[in-house]
Amino acid sequence: MTDSSKRESSGFTFRKQVDQVESSGRHLPIVLNAVLVFSITAEVSYLVLVEAPLEPEQKKTEWSSMWKAMHLFAQYFMLGNITWNASLFVKTNPSIRGVFLGGDALGQGWRYCYNCETHTPPRCSHCYDCNVCVLRRDHHCVFFGQCVGFYNYRYFLTCLLFMWAGLLYAVFMNAEVFIVILKEGVTFHSVLLLLMPWIMLVSGQVTARAFAFAFIADTCVVGFLLVAAFLFFHVILMLRGQTTREWYSTRQPYNLGAVANIRECLGKYWYICWLCPLIPSPLPGDGINFKVTGSLEPMK
Ligand SMILES: [Zn+2]
Ligand SMILES: [Zn+2]
């Protein structure tokens, strides 16, 4: 092997390592999210199957097994919707790559992107993480390393909706855990276990089992509050026909009225498509041309 080919191959290996680090950096939040979602589901399944909150004499009745089956069905329905929508969200390309932007029919709101070296339609903006312009760009989602744009907004919203529903359910199921911990009274020990389970585990004050339950119960409450606030914000944006950027600049030029705005985001079958990602729901627009109903200038 000559020196230059050695250098080339070592440069190639280095490039490969950088790529690997970059891709593992991108995938880390997805892996962490998946671990959390699956641990919470496993914990609530355990609560239903092993510690069903029923009176002991009810435990072996037929109603009890029906009750358990219904709970398990609801859990895995929500889990299925979260993971399926999340994977479709990541796989669906919201950028201008592979989209015909229509020759020279440039109108109001079109801009030139110096990074992509092309004219881009209204509501489209460049993402420096994805390094491409994204149609009707909302924001770059750091948890999935993907931009939220025109083509994947439906999956983003549905994933958020089921995360909210799933966490609300998990908080209710975990109420039992809080009750068990607080049954001994509001002592220093029980409050610390609820607020800082890590410290209690490291200092050997509680068993690993008590820690796991307290930790998951805490995660559910914190996760629920965060997801609820985020979902609320995006539902408001959807009803107003705005993207996050337009909300910041207080512009609302694409408002078509609540129902039409929902249809713009979720597609023709908006009233049913959120139940399952398999239900096709074609979007009315093309992500390039938008009906302008108000002033494009920021409101004072
Ligand atoms: Zn660009
Ligand atoms: Zn992005």
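Me: Four donors count as tetrahedral if all angles lie between 85 and 135 degrees. What are the angles at the site of the zinc ion (ligand 2)?

Reply: They run from 100 to 117 degrees among its 4 donor atoms, so by that range the site is tetrahedral. Bear in mind that this is a predicted model.

Me: Thanks! Which protein donors does the zinc ion (ligand 2) have?

Reply: There are three cysteines and a histidine: Cys127 (SG), Cys130 (SG), His140 (ND1) and Cys147 (SG), lying 2.0 to 2.3 Å from the zinc ion. Cys130 and Cys147 link distant parts of the chain, 17 residues apart. Cys130 is in the loop between strand S3 (125-127) and strand S4 (132-134), while Cys147 belongs to strand S6 (residues 146-148).

Me: Is Cys147 buried or exposed?

Reply: Cys147 counts as buried because its relative accessibility is 0%, and the limit for buried is under 20%.

Me: What about the zinc ion (ligand 1), which residues coordinate that one?

Reply: Cys113 (SG), Cys116 (SG), His126 (ND1) and Cys133 (SG) coordinate the zinc ion (ligand 1), at 2.0 to 2.3 Å. This site is tetrahedral as well, with angles of 104 to 118 degrees among its 4 donor atoms.

Me: And how are the donor residues of the zinc ion (ligand 1) spaced in sequence?

Reply: The donor residues of ligand 1 follow C-x2-C-x9-H-x6-C. For the zinc ion (ligand 2), the spacing along the chain is C-x2-C-x9-H-x6-C.

Me: Back to accessibility. Why does Cys113 count as buried?

Reply: Cys113 has 8% relative accessibility, and buried means under 20%. Cys116 has a relative accessible area of 23%, so Cys116 is partly exposed.

Me: Any unusual backbone angles? What is phi of Glu117 near?

Reply: Phi of Glu117 is near 55 degrees, which is a positive value in a residue other than glycine. Glu117 sits in the loop between strand S1 (111-113) and strand S2 (118-120), and Glu117 is exposed because its relative accessible area is 61%. Asn131 also has a positive phi, near 60 degrees, and lies in the loop between S3 and S4.

Me: New topic: how many helices and strands does the chain come to?

Reply: The chain has 8 helices and 6 strands. Starting at the N terminus, the order is α-α-β-β-β-β-β-β-α-α-α-α-α-α.

Me: Can we look at a helix? Where does Phe224 lie, and what does Phe224 touch?

Reply: Phe224 lies in helix H6 (residues 208-240). Leaving aside residues up to four places away in sequence, Phe224 touches Trp164, Leu167, Leu168, Val171 and Thr219. Val171 is 53 residues from Phe224 along the chain, yet their C-alpha atoms are separated by 7.8 Å. With a relative accessibility of 17%, Phe224 counts as buried.

Me: And on the outside, which residues make the nonpolar surface patch?

Reply: Phe73, Phe77, Tyr269, Tyr271, Ile272, Trp274 and Leu275 make a patch of about 660 Å². Among them, Phe77 is found in helix H2 (residues 62-91), and Phe77 is partly exposed, with a relative accessible area of 32%.

Me: Last one: how much of the chain counts as buried?

Reply: Of the 300 residues, 37% count as buried. The accessible surface comes to about 17600 Å², and carbon and sulfur atoms hold 67% of that. As for contacts with a separation of 6 or more, 57% are between residues 24 or more positions apart.

Technical notes:
Residues numbered from 1 in each chain as written. Chains lettered and ligands numbered in written order. Predicted model: local features only at pLDDT ≥ 70, side-chain atom pairs only at ≥ 80, totals over all residues. Heavy atoms only, no water. Donors = N, O, S within 2.8 Å, 3.2 Å for Na, K, Ca; no water. Tetrahedral: all angles 85-135°; square planar, octahedral: opposite > 155°, others 65-115°. Buried < 20%, exposed > 50% of the residue type's maximum accessible area, 1.4 Å probe, protein only. Patch = residues over 30% accessible without salt bridge, like charges linked within 9 Å, V, L, I, M, F, W, Y side chains within 5 Å. Areas by Shrake-Rupley, 256 points an atom, 1.4 Å probe, with all protein chains shown as cover. Salt bridge = Lys/Arg side-chain N within 4 Å of Asp/Glu carboxyl O. Helix = DSSP H or I, 4+ residues; strand = E, 2+ residues; numbered from the N terminus. Contact = heavy atoms within 4.5 Å.
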